[in-house]
Amino acid sequence: MKLKNSWLGFLALFAVLLGFVPARAVIAQTAGWSSPFRLSLDGMSWFPDIAADATGRVHVVWSSDTLNYRVWDGRGWSAMSEIAIAPDATGRPIADVFRFGITTDQTGYLNLFYYHLTEGIGYFTRAPSSEASVFKAWEAPQIMGARGQGYYSALAADKKNHLHAVYVNPSLDSTLADVYYRRSENEGALWTSPLNLSNSPRVGSSRPQILIDQFDTLHASWDEGWDRRSGEGAAQTVRYVFSTTGGRDWSVPVTFGNPKMAAAQLVVTAGPTPDSRIAVWRTTTDEAVYYQTSFDNGKNWGSPAPIPGILPRSWISPPFDQYAMARDDRGVVHLVLVTRRQAKSDLWAVTHLEWNGREWGQPETIFEREALYPEYPRIAIALGNQLHVVWFTRSALFSIAPMDIWHSTKTMNAQAYTPVPAFPTATPLILPPTTTPVPTPTRFVPPASTNVEPLPSPGSSSTIPMLMGLGAGVVVVGVTLWLRRLSARRDE
């Protein structure tokens, strides 16, 4: 009997211990956001961009040795495919990094403007959004400019199907980059001459963004004071210009920040009302994220105020991050950025907030995981009420360590659009005779790889100890019954 009681006591203790094993927090996430899904497969992927088309497909492109692509069709993700490679001056493919922007248009095309950094050349190409995963579906890239030191670039399309590009490149009389703008009114066949928006040859300009609101107003913003490629200078101010004439004329630049409050990472878009705008930027001095609003179409701006409860990631860890905003059809502005829960914390989170024109909503955590540092979030809205966010993570800062692309989505309580069954027939891209053709390199075929399962949701990770405890309990009951039966036989 003593032996039997000691075994029962041991098994009961074992079950209790299993039931109360603490679960390691794999990810902290606000309800409503899907469990983050890893899109990349090679561990060398970074700087993604995202766009949604009228049928609800969500397109994601990111930089690796090539430009990689996947599309969400509402049911699942396509296999990863390459859509652009980096040829050198002789046309041979080379491993390189890209900086780029994508946008969908009114005719069902996915448009891509990209730089590959070794050659310093900017290219434009496009493909039907339904066939964008096919390498041969992309039109022959046309050169957007001479060889230079381009880095950041962004692309947007308006309701007239005009394309608008901003990018950084040094001017002819300076080694420091300025922000340039170009426009195409015939679906990328011809582009206007580069227009220097920043025009500051003595200081660098970096991190340009361009957004187009529901009234087809163009909003362009950038950092002023530091140059990405040379490393010269430091963040000083952020600047913003807008155009209500489709890019033909631009406003006088508005400057945010000052010598006592150095600013960076500006993003600007329209607010809930027709004449309202909101600007979000951060400081490099007190490490806070500020916003300013205008209610007269950007002519006058209110005083900067910090977004409540938000601490940005450290400015120099590393200084390539950007913020992203999108306005939905209710007029609500959605902001995504990387934050910290506490000052000097090494735990970073991809965070989402809403601005309704009067106040900010509560911050929502999309992604937060120990030993992974998220960076460069991008956002798109599909079918009117589906938020899609992508970002990349580093496992170590300032190093080419394992880096991956992630995606998460959330459906809002809003009326969804009815998907458009088909796009109108697009005009074929006809390149001008003077366009320099790009040599056709040998296609790079990435090694086959299996897909990666998404991280478990917070609920699933927290239920593991409970399930283990239940399993152990079942074992205890079974062993107890067996020992009782054995004891009874011995008593017989």
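In this predicted model, Phe47 offers a convenient point of entry. Beyond its neighbours within four places in sequence, Phe47 is in contact with Val61, Trp62, Ser63, Arg99, Phe100, Tyr151, Phe320, Tyr376, Phe392 and Ile405.

Phe47 also belongs to the largest nonpolar core, a set of 46 residues. Together with Leu39, Val60, Phe113, Trp191, Leu197 and Trp250, Phe47 is among the residues that touch the most other members of this core. The element that gives the most to this core is strand β13, residues 163–170, which supplies five residues. Separate from this core is a second one of 20 residues, whose members include Ala51, Val71, Ile83 and Leu112.

Strand β13 leads on to the sheet in which it takes part. This is an open sheet of four strands, arranged in the order β12-β13-β14-β15 with antiparallel pairing. Because β12 (153–157) and β15 (195–196) stand at the edges and each has a single partner strand, one side of each is left without a neighbour in the sheet. Within the sheet, β13 pairs with strand β14, residues 177–184, in the antiparallel sense over eight bridges. Asn169 has Asp178 of β14 as its bridge partner.

A further strand, β21, spans residues 277–283 and contains Thr283. Is Thr283 buried or exposed? Its relative accessibility is 0%, and buried means under 20%, so Thr283 counts as buried. Leaving aside neighbours within four places in sequence, the residues in contact with Thr283 are Met261, Ala262, Ala263, Ala288 and Tyr290.

Key
Residues are numbered from 1 along each chain as its sequence is written. This is a predicted model: local features need pLDDT of at least 70, side-chain atom pairs count only at pLDDT 80 or more; totals for chains, interfaces and linings use all residues. Side-chain values use heavy atoms; hydrogens and water are left out. A nonpolar core is a set of buried Ala, Val, Leu, Ile, Met, Phe, Trp, Tyr and Cys residues joined through side-chain atoms within 4.5 Å. Buried means under 20% relative accessible area, exposed over 50%, partly exposed in between (1.4 Å probe, protein chains only). Helices (H or I, at least four residues) and strands (E, at least two) are DSSP runs, numbered from the N terminus. Contact means heavy atoms within 4.5 Å. Two strands pair if DSSP finds at least two bridges between them.
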